[in-house]
Amino acid sequence: MNRVLLPEGWPRPKGYSNGIEATGRTVFVAGQIGWNTAGAFPDGFAAQFRQTIDNTLAVLAEAGAGPEHIVRMTWYVVDKREYLAALRDIGAAWRERIGPHYPAMAVVEVKGLIEDAARVEIETTAVIPA
């Protein structure tokens with residue numbers, strides 16, 4: 001099973017973990033964006049985030065993994081203010097799809113993504129226990 005790493009005396013982070021120790025089969029998910037199977041993007045950051053998570057979970061399912069196996073994510077957002085304004089909806093979508101599981105994460109603001117309509121792209125690493 002995975003173990004959350006929290007150095008002694010450090011405050012517990014909100015919405016992510018400082019580190020995860022994991023042993024097992026590793027699954028790497030390429031950067032997923034918020035388009036559906038028809039290549040259409042929903043309007044708004046939160047809606048694209050929901051679709052991005054759904055796309056990520058679909059790829060993980062192909063490997064027999066679920067949200068509980070996610071150990072690391074890197075989020076690329078095109079607008080920090082837009083991301084911050086959507087935090088409440090992001091949190092609700094996270095709880096609905098991922099639950100009370102918080103991997104090691106980083107959020108990076110970027111100038112743009114390859115798909116011009118994309119507002120967020122997320123790379124994911126998961127470890128399925130042996």
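Here is a walk through a predicted model, starting at a helix and moving out to the strands and the charged pairs.

Let's begin with helix α1, residues 45-62. At 1.5 Å a residue its 18 residues should span 26 Å, and the end C-alpha atoms are indeed 26 Å apart, so the geometry agrees with expectation. Quite a few of its residues are buried, including Phe45, Phe49, Ile53, Thr56, Leu57 and Leu60. An α-helix has 3.6 residues a turn, so residues three or four places apart point the same way. What sits over the buried residues of α1? Among the elements covering them are strands β3 (25-33), β4 (70-77) and β6 (120-128), along with helices α2 (80-85) and α3 (87-97). After α1 comes Gly64, which has a positive phi near 80°.

Now pick up one of those covering strands, β3, which holds Val27. Val27 has 10% relative accessibility, and because the cut-off for buried is under 20%, it counts as buried. Beyond its neighbours within four places in sequence, Val27 is in contact with Leu60, Ala63, Thr124, Thr125, Ala126 and Ile128. Thr124 is 97 residues away from Val27 along the chain, yet their C-alpha atoms are separated by 8.3 Å.

Strand β4 offers a polar counterpart in Thr74. Is Thr74 buried or exposed? At 12% relative accessibility, it counts as buried. Its side chain makes a polar contact of 2.9 Å with the side chain of Arg72. Leaving out residues up to four places away in sequence, Thr74 touches Ala106, Val108, Glu121, Ile122 and Glu123.

On to the charges: the model has four salt bridges. One of them joins Arg97 and Asp54, at 2.8 Å from N to O. This pair ties together distant parts of the chain, with Arg97 in helix α3 and Asp54 in helix α1, 43 residues apart. Both ends are partly exposed, Arg97 at 23% relative accessible area and Asp54 at 30%. Arg97 also forms a salt bridge with Glu96, where the closest N and O atoms are 3.0 Å apart, and Glu96 is exposed at 59%. Together, Asp54, Glu96 and Arg97 make a network of salt bridges.

Another salt bridge pairs Arg3 with Glu21, with the closest N and O atoms 2.8 Å apart. Here strand β1 supplies Arg3 and strand β2 supplies Glu21, 18 residues apart. Arg3 is partly exposed at 46%, and so is Glu21 at 41%.

Finally, look at the surface around Leu6, in the loop between β1 (3-5) and β2 (19-21). Leu6 is partly exposed, with a relative accessible area of 30%, and with Val4 and Trp10 it makes a nonpolar surface patch of about 270 Å².

Key:
Residues numbered from 1 in each chain as written. Predicted model: local features only at pLDDT ≥ 70, side-chain atom pairs only at ≥ 80, totals over all residues. Heavy atoms only, no water. Helix = DSSP H or I, 4+ residues; strand = E, 2+ residues; numbered from the N terminus. Expected span 1.5 Å × (residues − 1). Buried < 20%, exposed > 50% of the residue type's maximum accessible area, 1.4 Å probe, protein only. Contact = heavy atoms within 4.5 Å. Polar contact = N/O pair within 3.5 Å; in protein donor to acceptor, adjacent residues only side chain to side chain. Patch = residues over 30% accessible without salt bridge, like charges linked within 9 Å, V, L, I, M, F, W, Y side chains within 5 Å. Areas by Shrake-Rupley, 256 points an atom, 1.4 Å probe, with all protein chains shown as cover. Salt bridge = Lys/Arg side-chain N within 4 Å of Asp/Glu carboxyl O.
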